[in-house]
Amino acid sequence: MSTLVHPQANSQAKSSNKIIVNNLKRKLDEKKGRWAEELPFVLWEDRATSKIATCQTPYSLVFGSEAMIPTEVVIPTARYLLQSQENNERTLAHDLDTIDELRNLAKIRIATHKQRITKTYNKNIKVRRF
């Protein structure tokens, strides 16, 4: 997937797609060709896993709250059992109020992550003057 509006984002899209494709390949090797059944789970896994650069999940950056995986509903966990309707609505309202702060923090973390990667990469570069 590439974009004409922001061509600098093409490498980011390719990188993200590569992760999804690699996860699909790993899952498909285990399931022997039943890719149509596995695709939603692989996509959900990618959206609900926190990323190194932001320390947040893509889902939380878009919707402002953490996603609950379907398994937690089928086999109830403590997090699912302790939720009440009132508490859930309060939490959602709070998350929506603080989503901009969460996104700004993610931007700062991405910039810090890029600086660390640049510093590590440039560590081995020797400047030569001609």
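Here is a short chat about how some labels in this predicted model are earned.

Me: Before we start, what kind of model is this, and how are residues numbered?
Reply: It's a predicted model, where local features need pLDDT of at least 70, side-chain atom pairs count only at pLDDT 80 or more, and totals for chains, interfaces and linings use all residues. Residues are numbered from 1 along each chain as its sequence is written, and side-chain values use heavy atoms, with hydrogens and water left out.

Me: Why is Ser60 called buried?
Reply: Buried means under 20% relative accessible area, exposed means over 50%, and partly exposed is in between (1.4 Å probe, protein chains only). Ser60 has 1%, so it counts as buried. You'll find Ser60 in helix H3, residues 58–63.

Me: How do you know that the side chain of Ser60 reaches Thr57?
Reply: A polar contact is a pair of N or O atoms within 3.5 Å; within protein, one must be able to donate a hydrogen and the other to accept it, and residues adjacent in sequence count only if both atoms are side-chain atoms. Here the side chain of Ser60 gets to the backbone oxygen of Thr57 at 2.9 Å.

Me: And Thr57, buried or exposed?
Reply: Thr57 is buried, because its relative accessibility is 4%. Thr57 sits in the loop between helix H2 (35–47) and H3.

Me: What does Thr57 touch, beyond its neighbours within four places in sequence?
Reply: Contact means heavy atoms within 4.5 Å. On that basis Thr57 is in contact with Arg47, Ala48, Thr49, Ser50 and Glu66.

Me: What makes Cys55 stand out in the loop between H2 and H3?
Reply: Most residues other than glycine have a negative phi. Cys55 isn't glycine, yet its phi is positive, near 60 degrees. With a relative accessible area of 48%, Cys55 is partly exposed.

Me: Why is the pair of Tyr59 and Phe63 called tilted?
Reply: Rings of Phe, Tyr and Trp (its six-membered ring) pair if their centres lie within 6.5 Å; planes under 30 degrees apart count as stacked, over 60 as edge-to-face and the rest as tilted. The structure holds one aromatic pair. In it, Tyr59 and Phe63 are 4.7 Å apart centre to centre, with 45 degrees between the planes, which makes the pair tilted.

Me: Where do these two sit along helix H3?
Reply: Tyr59 and Phe63 are four residues apart, so about one helical turn separates them. Tyr59 is partly exposed at 24%, and Phe63 is also partly exposed, at 48%.
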